[in-house]
Amino acid sequence: MREFPQSHFANRVQADVPLGSLSPISQVGGGGVPGHFQRPIGWQFLILAEIENFGVLRRHLGRPRVDTLIVDVAARISAVLPDARIVIAGRDMVEIAFESEARLALDMAITALETALDLPFDLDGESHRVHVQFGASAGPTIGARDEVQLIEEAERALADARSERVAVARDVSAGAESVDRAQLASDLTIAINTDQLFLQYQPKVHLRRQEITSVEALVRWNHPIRGLVLPSDFIPIAEESRDIVALTLWTIRRSIRDQKTLAANGHDLRIFINIAGVLLADARFVRTVCALIEASGARLGFEITETSVIRDPESAIANLKIFADIGIVIAIDDYGAGLSSLAYLKQLPARELKIDKLFVTQLTSSNRDPLIVRSTIDLAHALEMEVVAEGVETPAAMALLSVMGCDMIQGFLISRPINLDALIPFLTDEKHLAIAADVRAPFNRLATVWKRG
Ligand code: C2E
Ligand code: MG
Ligand code: MG
């Protein structure tokens, strides 16, 4: 693994930290050669872990004991991340550097650290909780990202983490694109207020009932200069700039309006809306949404990811219960793609679980994915949830999912996301149901079924 230069951290170590204890910890995982990459492409991460209640503990325990507390914290961190390079950077601060091929490794590391550091510490025979806050940065191992930028971003992330009281990570890979992102962020604020956004709807088909029971609303941006911009390019920007609140409220209002149009055309469907994780801890957002839905009587569903719950489980679960209590159906989106925790899964008031398309698109060509999908279906049923497979593109995948007991499917096989104008004739026509009906056709006839659809 690549080492971060010792000198950079060394000048951050304060003189009264017991230096003797530094070396065993700072050598953890430090077997790499500076400048030498074992893997050609990957991510480097820097996490700053800061003891938030340091002042309180110092008053309680006295200075000599509290000044060595950071060594205990660093030891616990090194037990969780044995391959990381860990340096004590002050009385209340540890720096953690490591690499991985996947960016998700950072979220997983922070979650594991939060869990480990949540356990009380035995300090002079007394049990104490040490509250640790995390600010992190991530950048590609290749591409001239220097360590100064990584540490500056991690420091900014830590400042945000202190005020927001959740772990914050910043991605420095955007680099040259950051100006572009800033432009897009300011364009987005205008877009929300000037109807440049629009919704497309993608149906979910219930396999046993042979009917479309709901649709998912997916937002798009018709940018005056760039043309069509997809959500993966602007939702993360909206989350960062907090425009996500206005964007989501716009989406909810538009869905309520479109649901009335659908009903007037004889189609009574629940509309599912994607809700970003940051909103699940926003009490004002929750109140506004409840007022909107109660006033309109709309039948909505919210798609949330598990990763978003893991960030601040207490408020997320409480707010999801508020939503469920007013009749909003909660669906867990992208199941299997992010962090999964059975402990949280059990507590969520969710009625649907959507298996990530990553597992579904490869269903008939991979050996492992059918096993994962099958066990996920069984798990969801045991938790009394219905299962939706997203990303169903072929009749073979649909047939296999049906045999496995999957309740609903969604994907290009049935329909791509389409505008409301196209959705109404699509629903009225009912041709799509012929595709879903063919699920009972023998597997060897599936090629013919596909052509007929
Ligand atoms: P998602 O909620 O998991 O949505 C599914 C994505 O998969 C959609 O991409 C959809 O077009 C695509 N998809 C559907 N069927 C298939 C298929 O058969 N094969 C393949 N390969 N892809 C399929 P889209 O519309 O680009 O949305 C991407 C993500 O953006 C969504 O993932 C969701 O997380 C987010 N998003 C979309 N609209 C909103 C919104 O209003 N608010 C928030 N917060 N996020 C949104
Ligand atoms: Mg979704
Ligand atoms: Mg999804």
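Colleague: Is D333 buried or exposed?
Modeller: This is a predicted model, and the reply is read from it. The relative accessible area of D333 is 7%. A residue under 20% counts as buried, so D333 is buried.

Colleague: Which residue bridges the magnesium ion (ligand 2) and the magnesium ion (ligand 3)?
Modeller: The donors of the magnesium ion (ligand 2) are E216 (OE), N274 (OD1), E303 (OE) and D333 (OD), at 2.1 to 2.3 Å. For the magnesium ion (ligand 3), the protein donors are D333 (OD), D334 (OD) and two OE entries of E390, at 2.1 to 2.6 Å. The two ions lie 3.9 Å apart, and the residue that bridges them is D333.

Colleague: How are the donor residues of the magnesium ion (ligand 2) spaced in sequence?
Modeller: Coordination of the magnesium ion (ligand 2) comes from E216, N274, E303 and D333. Written as a pattern along the sequence, their spacing is E-x57-N-x28-E-x29-D.

Colleague: How many residues apart in sequence are the parts that N274 and E303 tie together?
Modeller: Both residues coordinate the magnesium ion (ligand 2). N274 belongs to strand β11 (residues 270-274) and E303 to strand β12 (residues 300-305), so the pair joins parts whose separation in sequence is 29 residues.

Colleague: Is N274 buried, exposed or partly exposed?
Modeller: Among the donors of the magnesium ion (ligand 2) are N274 and E303. E303 has a relative accessible area of 2% and is buried. N274 has 29% relative accessibility; buried means under 20% and exposed over 50%, so N274 is partly exposed.

Colleague: Which strand holds E390, the residue paired with D333?
Modeller: The donor residues of the magnesium ion (ligand 3) follow the spacing D-D-x55-E. D333 and E390 are 57 residues apart and link distant parts of the chain, with D333 in strand β13. E390 is buried, at a relative accessible area of 8%. The strand that holds E390 is β15 (residues 386-390).

Colleague: What share of its exposed area does ligand 1 lose to the protein?
Modeller: Polar atoms of the protein come up to ligand 1 at several points: a side-chain atom of R220 is 2.8 Å from an oxygen atom of ligand 1, and a side-chain N or O atom of N274 is 2.9 Å from an oxygen atom. A polar backbone atom of V219 lies 3.2 Å from a nitrogen atom of ligand 1. Taken alone, ligand 1 exposes 800 Å², and the share buried by the protein is 83%.

Colleague: Which element gives the largest share of the shell around ligand 1?
Modeller: There are 22 residues around ligand 1, with E216, R220, N274, E393 and F412 coming nearest. The shell divides into 9 nonpolar, 5 polar and 8 charged residues. At least two residues each come from β9 (211-223), α9 (231-241), α10 (243-264) and β13 (329-335). The largest share, 4 residues, comes from β9.

Colleague: Which side chain makes a polar contact with the side chain of K204?
Modeller: K204 sits in strand β8 (residues 197-206) and is buried, at 0% relative accessibility. Leaving out residues up to four places away in sequence, K204 touches residues including E211, F272, E303, E352 and K354. The side chain that makes the polar contact, at 3.0 Å, belongs to E352.

Colleague: Where does the side chain of Q210 reach a backbone oxygen?
Modeller: Q210 is placed in the loop between β8 and β9. Its relative accessible area is 19% and the cut-off for buried is under 20%, so Q210 is buried. At 2.8 Å, the side chain of Q210 reaches the backbone oxygen of L207.

Colleague: How far apart in space are G90 and E50, C-alpha to C-alpha?
Modeller: G90 lies in strand β2 (residues 85-90) and is buried at 2% relative accessibility. In sequence, G90 and E50 are 40 residues apart. From C-alpha to C-alpha, the distance in space is 9.2 Å.

Colleague: What percentage of the residues of the protein chain count as buried?
Modeller: The protein chain has 20 helices and 16 strands. Among its contacts with a separation of 6 or more, 71% join residues 24 or more positions apart. The accessible surface is about 21,100 Å², with 53% belonging to carbon and sulfur atoms. Of the 453 residues, the portion that counts as buried is 52%.

Technical notes. Residues numbered from 1 in each chain as written. Chains lettered and ligands numbered in written order. Predicted model: local features only at pLDDT ≥ 70, side-chain atom pairs only at ≥ 80, totals over all residues. Heavy atoms only, no water. Buried < 20%, exposed > 50% of the residue type's maximum accessible area, 1.4 Å probe, protein only. Polar contact = N/O pair within 3.5 Å; in protein donor to acceptor, adjacent residues only side chain to side chain. Contact = heavy atoms within 4.5 Å. Donors = N, O, S within 2.8 Å, 3.2 Å for Na, K, Ca; no water. Near = heavy atom within 4 Å. Areas by Shrake-Rupley, 256 points an atom, 1.4 Å probe, with all protein chains shown as cover. Nonpolar A, V, L, I, M, F, W, Y, C, P; charged D, E, K, R; others polar.
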